Amino acid sequence: MSSKNVFYGINAFTNEKLEGEFINASEEEINKVVEEATKAFDIYRKKDKSSIANFLDQIGEEILNLGDALLERCHLETALPFGRLQGERGRTVNQLKLFAAVVREGSWVDARIDTAIPDRTPVPKPDIRHMLLPLGPVAVFGASNFPLAFSVAGGDTASALAAGCPVVFKGHPAHPGTSEMVFKAIKEAAIKSGMPKGVFSLIHSNSNKQGELLVKHPQIKAVGFTGSFRGGKALFDYANSRLEPIPVFAEMGSTNPVFILPQVLKEKGEQIAVGLAGSITLGVGQFCTNPGLSFVENSEATNVFYKKLGESIAEVSSGNMLTSGISKAYNEGLNRISSLKDVVELAKGKENEIANRATPKVFKTTISGLIENESLAEENFGPSSVLVEASSKNEIIKAAKDLEGHLTATIFGTDEDFKNYQELFDILEKKVGRIIINGYPTGVEVCHSMVHGGPYPATTAPQSTSVGTNAIKRFVRPVCFQDYPDGLLPDALKAKNKLNIWRLVNGNLEK
Ligand code: NAP
């Protein structure tokens, strides 16, 4: 940074400045973009479903039009491999298309109609109609680890725009050049689709101040966030300290416990070890669904499993992390874990002298070691993981009961294991957003049924998901219209179902 208000994109391979200066947004600029978003809301919320769907599709088109220049800048700013970024761009564009399809189909508004019964006794029943309406301007904070799919045109933006909410996006300081390019693509799409000025804005900053001002702005009506626990909790606290508190949908990551049950450990321990090592080290471990904590029951099979896991981890070299700050935090985390009593290093990857280095590491402890060192259950963002060895089924069940909220839990088992550990399923349903059987938690499908969420501290809104089409529900509220003349009702609720959407009419789902 050359002056207080200017910052630069940083080459994640060398930590050198990249081309282009970015200015920390002033309070006046933040007020201006939020005011524009507020004005845009009145126009945007009235746009018909095909206009909004076309806008979302057009954003995808404009992102593709940026070509490889986008991926090249992103690669330098994040050190993420080009191929991975190609995949992430595809995911981003498909996510926009998926929300466009949801909006075009239209039934997501949850139209419910209870027609009047004027002659009901002792009192007449009024005509009551319900639907979901957009909340207003939404502040979105992108994640450093998904510079496309969870950033400027990522899932939070796509779902908020799909819901009819303008977005003010707080760019992540780890990829400002990428953010600016995608912002220009959205601006172009807005112009081509006839969307109002202010439907989408980007503010840059590399200090907490701008984010705080944005969340505390009285015209902001909701917040979407992906990142650290500290960041997400700070935004949640700002939102709750406002005169008018607003919902904060913060996805803050977790350690995603994995349970490897005894019979499957005996039958497929080595195979699971190879897969687990792959999941721990994928993308230099920079996934919020990274498996950070795994439980096994002590048996003859555990040593075979440990050996194979150690060999598989040893084959993986250090990788460049997204930023020097994230690498520093990771390496401090490794030192902290290494210094804990009753924790031993089980496996280590190949160390390379590269910038922003993260070398994979797996630690081992016992259930009492986990109880004694509560911090082991916290995320050390990167390719590190802790194996917890239990001496009995009871210890595993007790550890599961003691878990806090997580995004995912994974159970490896045979049918016999599942019978023996039936209560584990019940416990985990209360703890996480997604339960995976005989698979790995990394890899989050964007689809209608996905839940990427979970109880606190994984998120600040356990009733929601930040991935998948249900994410749209975060940015709306139910409104009901009582005894409205048909002409005044929104199209979704008029007597004639001209939008041809699914509606719950007097308790029956119909078109
Ligand atoms: P972060 O520090 O939480 O930052 C995310 C965004 O929130 C940034 O735009 C940041 O901008 C803003 N922010 C953070 N704290 C804030 C505060 N107190 N007030 C206002 N705005 C705030 O996440 P990160 O930079 O991506 O990575 C840091 C750590 O987060 C990592 O070491 C890792 O532990 C974790 N992480 C988790 C995930 C996940 O998927 N759950 C993803 C990436 C990282 P400013 O810095 O400009 O304020």
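## The largest cavity

In this predicted model, the largest cavity has a volume of about 120 Å³. There are 17 residues in its lining, and the closest to the centre are Thr255, Gly292, Glu379, Asn380 and Ser384. Strand β16 gives the largest share of that lining, with three residues. Sort the lining of this cavity by class and you get 10 polar residues, five nonpolar and two charged.

How many cavities of 30 Å³ or more are there? The count comes to three. The second largest cavity holds about 60 Å³ of space. Among the residues lining the second largest cavity are Phe249, His452, Gly453, Thr459 and Arg474. By class, the lining of the second largest cavity has six polar, three nonpolar and two charged residues.

## Asn290 in its loop

Now look at Asn290, which sits in the loop between α9 and β11. Is Asn290 buried or exposed? With 6% relative accessibility, Asn290 counts as buried, because the cut-off for buried is under 20%.

Who does Asn290 touch once we set aside its neighbours within four places in sequence? Its contacts include Ser254, Thr255 and Asn256, along with Ser279 and Ile280. Gly285, Gly382, Ser384 and Thr442 are also in contact with Asn290. Two of those names may ring a bell: Thr255 and Ser384 are also among the residues closest to the centre of the largest cavity.

## Gly454 in another loop

Gly454 lies in the loop between β18 (432–437) and β19 (476–482). Gly454 has a relative accessible area of 4%, so Gly454 is buried. Leaving out neighbours within four places in sequence, Gly454 is in contact with His406, Val432, Gly433, Thr459 and Pro462. One of these, Thr459, also helps line the second largest cavity.

You can also follow the chain back from here. Glu429 is 25 residues away from Gly454 along the chain, and their C-alpha atoms are separated by 9.9 Å.

## Asn497 and its polar contact

Further along, Asn497 is found in the loop between β19 and β20 (503–505). Asn497 has 18% relative accessibility, and under 20% means buried, so Asn497 makes the cut.

Which backbone atom does the side chain of Asn497 reach at 2.8 Å? That would be the backbone oxygen of Ile501. Beyond its neighbours within four places in sequence, Asn497 is in contact with Arg503 and Lys511.

## Helix α10

Helix α10 covers residues 300–314, which makes 15 residues. At 1.5 Å a residue these should span 21 Å, and the end C-alpha atoms are 22 Å apart, so the two values agree. At the start of α10, a side-chain oxygen of Ser299 comes to within 3.1 Å of the backbone nitrogen of Ala301.

Which residues of α10 are buried? They are Ala301, Thr302, Phe305, Tyr306, Leu309, Gly310, Ser312 and Ile313. There's a handy idea for reading a list like that: an α-helix has 3.6 residues a turn, so residues three or four places apart point the same way. The buried residues of α10 pack against helix α9 (262–281) and against the strands β10 (258–260), β11 (293–297), β13 (344–348), β15 (361–366) and β16 (384–390).

## Helix α4

Helix α4 runs over residues 82–105, 24 residues in total. The expected span at 1.5 Å a residue is 34 Å, and the end C-alpha atoms of α4 are 35 Å apart, so this helix agrees too. Just after α4, Gly106 takes a positive phi of about 95 degrees.

The buried residues of α4 include Leu85, Leu96, Phe99, Val102 and Val103. Glu88, Arg89, Thr92 and Gln95 are on the buried list of α4 as well. What covers the buried residues of α4? The cover includes α2, α3 (68–78) and α5.

## The second largest pocket

Last stop: a pocket. The second largest pocket has a volume of about 600 Å³. It is lined by 27 residues, and the closest to its centre are Arg45, Lys47, Met131, Leu133 and Pro490.

Which element supplies the largest share of the lining of the second largest pocket? Strand β4 does, with four residues. Helix α2 (49–65), strand β4 (128–134) and helix α5 (155–163) each supply at least two residues of this lining. By class, the lining of the second largest pocket has 19 nonpolar, six charged and two polar residues.

Technical notes:
Residues numbered from 1 in each chain as written. Predicted model: local features only at pLDDT ≥ 70, side-chain atom pairs only at ≥ 80, totals over all residues. Heavy atoms only, no water. Expected span 1.5 Å × (residues − 1). Buried < 20%, exposed > 50% of the residue type's maximum accessible area, 1.4 Å probe, protein only. Contact = heavy atoms within 4.5 Å. Polar contact = N/O pair within 3.5 Å; in protein donor to acceptor, adjacent residues only side chain to side chain. 1 Å grid on protein atoms, 1.4 Å probe; cavity = no way out; pocket = protein on both sides within 12 Å on 5 of 7 lines; lining within 4 Å. Points joined across faces, edges and corners; volume = space filled by probe spheres on them. Nonpolar A, V, L, I, M, F, W, Y, C, P; charged D, E, K, R; others polar.
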